[in-house]
Amino acid sequence: MGDTDSMEIRKLSGNVAAEIEGVRIGALDPGAPDSEALRQALYRHRVLILRDQDLDLAGLKRATAVFGPLLRVPYIAPAPEDPDIVRVLKEQDERDIAVFGGDWHSDFSFLDEPPGGSLLWAVEVPPYGGDTVWADQIAAWASLPANLKTALDGKRVIHLGAPYGVDHAPPPDLAVSRSVSMTRGDPDADRPRLHPSPRTYPPTGEKALFVNPIYTVGIEGLPESEAAEILKAAYAHATRPEFCYRHRWQAGDLAIWDNRATLHYAVNDYDGHRRLLYRTTWAGEAPV
Ligand code: SIN
């Protein structure tokens, strides 16, 4: 389908996510009116869900180009099928392991230029569980209690690739899915990066809270214990159910999210079942 008259946009929760109907995204040209309509929908809702997308990996990459330049993400081994794609896979026999993305985070917030956003396309899903949850950080910033706003506004927060010492990161002795191979201990990833929080969401100029419990480890100029207390309260607020949309996957679903204004969480509650999704990412900019 190729004209915006056939596109329908339906909100999925009060603050974040909309379902898009009437678009076959793998066939779209980034310059087509439908592509512009999708970008505008993303900027408004931050997460888009498209059902029944009959994609292949080339189509997934074409769909990514609608939102920005395709980015090969560092520190994760790509899918054997394609160097631009990550296979998010947990096998049926993988039990009691951590999964990729299994705590609240914004992707690669420890890079100088964290990604703009990602697409996740479901190929095989468990009969129950394995949901993904997104939390809107524009709504979170807007309603952040005044004491936390004052504590964060105008300061930079410290992001680190190595989630050492972070309360919510998977404990080091818990294996991460063998199906997703990640590089640990790279000195460049483990170098602290300072980013503002809030950051400005480039498409609209709104402010978004920009902290997450996997990669944020401190606040510039504050003692560790004081920063930890502020961050703990900020995480609790950032992930309140009011700001969240929880997606129950069906094969063929495509989720698209803006990494600059959301956190997400892969729910790991489906041991004994296989789950396979393909993921692409588009480039972002340095947070300001
Ligand atoms: C991720 O991209 O963090 C993984 C999300 C998921 O597997 O649900």
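The following exercises, each with a worked solution, concern a predicted model.

## Exercise 1. The seven-stranded sheet

Determine the order of the strands in the sheet of 7 strands, and identify which strands stand at its edges.

**Solution.**

Step 1. The order of the strands is β1-β2-β3-β13-β5-β15-β4. The sheet is open, and its pairing is mixed.

Step 2. β1 and β4 are the edge strands, since each of them pairs on one side only.

Step 3. On average, neighbouring strands of this sheet are turned by 25 degrees against each other, direction ignored.

Step 4. Single pairings can now be examined. Strand β1 (residues 8–11) is joined to β2 by 4 bridges, and the two strands run antiparallel. Within this pair, R10 stands opposite E19 of β2. The two strands form a hairpin with 6 residues between them, and A17 in the turn has a positive phi of about 85 degrees.

Step 5. A further antiparallel pairing is that of β5 with β13, over 5 bridges. Here G117 has D258 in β13 as its bridge partner.

Step 6. Two helices pack on the sheet. Helix α1 touches β1, β2, β3, β13 and β15, and its direction makes about 130 degrees with that of β3. Helix α2 touches β5, β13 and β15, and its direction makes about 40 degrees with that of β15.

## Exercise 2. The three-stranded sheet

Explain why one side of β12 and of β14 is left without a neighbour in the sheet, and decide whether the residues of β6 are buried or exposed.

**Solution.**

Step 1. The sheet is open and contains 3 strands in the order β12-β6-β14, with antiparallel pairing.

Step 2. β12 (244–247) and β14 (262–266) are at the edges; each has a single partner strand, so one side of each lacks a neighbour in the sheet. The average turn between neighbouring strands of this sheet is 15 degrees, direction ignored.

Step 3. Strand β6 (residues 132–136) is joined to β14 by 5 bridges and to β12 by 4 bridges. T132 stands opposite A266 in β14 and also opposite H247 in β12. D136 has T262 in β14 as its bridge partner.

Step 4. A residue counts as buried when its relative accessible area is under 20%. By this criterion 5 of the 5 residues of β6 are buried, so the strand is largely enclosed by the rest of the structure.

Step 5. In a regular strand, side chains alternate between the two faces of the sheet. In β6, T132, W134 and D136 lie on one side, V133 and A135 lie on the other, and both faces are covered.

## Exercise 3. The nonpolar cores

State how many residues the largest nonpolar core has, and which element gives the most to this core.

**Solution.**

Step 1. In soluble globular proteins, nonpolar side chains tend to be buried together.

Step 2. The largest nonpolar core of this model has 32 residues. Those with the most contacts inside it are I25, L38, L48, F67, L254 and I256.

Step 3. The elements that give two or more residues to this core include α1 (33–45), α2 (57–65), β3 (47–50) and β13 (254–258). Helix α1 gives the most, with 4 residues.

Step 4. L254 may be taken as an example. Among the residues that L254 touches are I25, L48, L60, L119 and W121, not counting residues up to four places away in sequence.

Step 5. Another core, of 25 residues, lies apart from the largest one; V86, F100, L120 and Y215 are among its residues.

## Exercise 4. Aromatic rings

Explain why the pair of F67 and W282 counts as stacked, and identify which parts of the chain this pair ties together.

**Solution.**

Step 1. The model has 7 aromatic pairs.

Step 2. Planes under 30 degrees apart count as stacked. The ring centres of F67 and W282 are 5.2 Å apart and the planes stand at 25 degrees, so this pair is stacked.

Step 3. F67 belongs to the loop between α2 and β4 (86–90), whereas W282 belongs to strand β15; the pair therefore ties together parts that are 215 residues apart in sequence.

Step 4. Both residues are buried: F67 has a relative accessible area of 9%, and W282 has one of 3%.

Step 5. Elsewhere, ring pairs link Y75, F108, F110 and Y215 into a cluster.

Step 6. Charged ends also sit over rings. That of K90 sits over the ring of Y270, 4.3 Å from its centre, and that of R199 sits over the ring of F210, 4.7 Å from its centre.

Definitions and conventions. Residues numbered from 1 in each chain as written. Predicted model: local features only at pLDDT ≥ 70, side-chain atom pairs only at ≥ 80, totals over all residues. Heavy atoms only, no water. Pairing = 2+ DSSP bridges. Axes fitted to C-alpha atoms, helices over the stretch in contact; angles between N-to-C directions. Core = buried A, V, L, I, M, F, W, Y, C linked by side-chain atoms within 4.5 Å. Buried < 20%, exposed > 50% of the residue type's maximum accessible area, 1.4 Å probe, protein only. Contact = heavy atoms within 4.5 Å. Phe/Tyr/Trp six-rings, centres within 6.5 Å; stacked < 30°, edge-to-face > 60°. Lys NZ or Arg CZ within 6 Å of the ring centre and 35° of its normal.
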